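User: I would like to go through the charged pairs in this protein and understand how each label is earned. Could you take the reasoning step by step?

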Amino acid sequence: MRCFSDRIRRARRLEGWSQARLAGNLGVTTSAVGHWERPGGHLPSTENLIEVAGYLSISLEWLAAGRGEMRPAQFGEKALGMLSLSDEEETLLQYYRNLDVSSRAFLTQFLRALTPTPEADGTLISGCADAGKRVAS
């Protein structure tokens with residue numbers, strides 16, 4: 001496919017997503033996605049282009065330039081670059097991808113709160129007035 005608008009529309013439809021769903025996940029308006037899918041329309045920012053490729057599980061090179069395969073054999077849900085995901089991680093990633101932007105932000109904050117920080121185990125603090133001091137454990 002030569003035209004970016006055709007490629008993004010095709011990928012979205014193959015995934016079974018509406019323009020509204022893609023827009024919601026990206027944090028843009030439905031009309032923005034409509035512009036991207038219109039021949040001669042606006043193009044997404046680089047950041048949104050990367051996110052679209054991730055959400056729709058397609059090759060960024062194919063989406064942006066029309067080169068290569070839409071979904072190369074090595075580009076599956078379990079392989080993101082050189083990263084292999086367990087079945088549980090794959091399921092969590094799919095749930096995350098289906099969230100809207102505000103829900104993603106909430107979930108990210110929640111997970112950060114659950115994750116032990118380096119300060120909690122007595123390692124050095126950096127970037128504050130007490131930089132270089134150890135935290136008491």
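Analyst: What follows is a set of questions about salt bridges and burial, each answered from a value and a cut-off. Please keep in mind that this is a predicted model.

User: What makes the pair Arg9 and Asp6 a salt bridge?

Analyst: The closest N and O atoms of Arg9 and Asp6 are 3.2 Å apart, and the rule asks for a side-chain nitrogen of Lys or Arg within 4 Å of a carboxyl oxygen of Asp or Glu, so the pair qualifies. As for their placement, Arg9 and Asp6 are three residues apart in helix H1 (residues 4–15), which means that about one helical turn separates them.

User: Why is Arg9 called buried, and how do you know whether Asp6 is buried or exposed?

Analyst: Arg9 has a relative accessible area of 18%, and buried means under 20%, so the label buried applies to Arg9. Asp6, with a relative accessible area of 29%, falls between the cut-offs of 20% and 50% and is therefore partly exposed.

User: Why does the contact between Glu15 and Arg71 count as a salt bridge, and which parts does the pair tie together?

Analyst: Their side chains meet at 2.6 Å, N to O, and because the limit is 4 Å, the pair is a salt bridge. Glu15 lies in helix H1, whereas Arg71 lies in the loop between helix H5 (60–65) and strand E1 (79–80), so the pair ties together parts that are 56 residues apart in sequence.

User: How do you know that Glu15 and Arg71 are partly exposed?

Analyst: Glu15 has 28% relative accessibility and Arg71 has 34%; since partly exposed covers the range between 20% and 50%, both residues take that label.

User: What makes Glu61 and Arg67 a salt bridge, and why is Glu61 called partly exposed?

Analyst: The closest N and O atoms of Glu61 and Arg67 are 3.0 Å apart, which the limit of 4 Å admits, so the pair counts as a salt bridge. Glu61 has 43% relative accessibility, a value between 20% and 50%, and is therefore partly exposed.

User: How many salt bridges does the rule give, and what is the setting in terms of helices and strands?

Analyst: The count comes to four salt bridges, among them the pair of Glu61 and Arg67. The protein has seven helices and two strands, and along the sequence they follow the pattern α-α-α-α-α-β-β-α-α. Buried residues make up 27% of the 137 residues.

Key:
Residues are numbered from 1 along each chain as its sequence is written. This is a predicted model: local features need pLDDT of at least 70, side-chain atom pairs count only at pLDDT 80 or more; totals for chains, interfaces and linings use all residues. Side-chain values use heavy atoms; hydrogens and water are left out. Helices (H or I, at least four residues) and strands (E, at least two) are DSSP runs, numbered from the N terminus. Buried means under 20% relative accessible area, exposed over 50%, partly exposed in between (1.4 Å probe, protein chains only).
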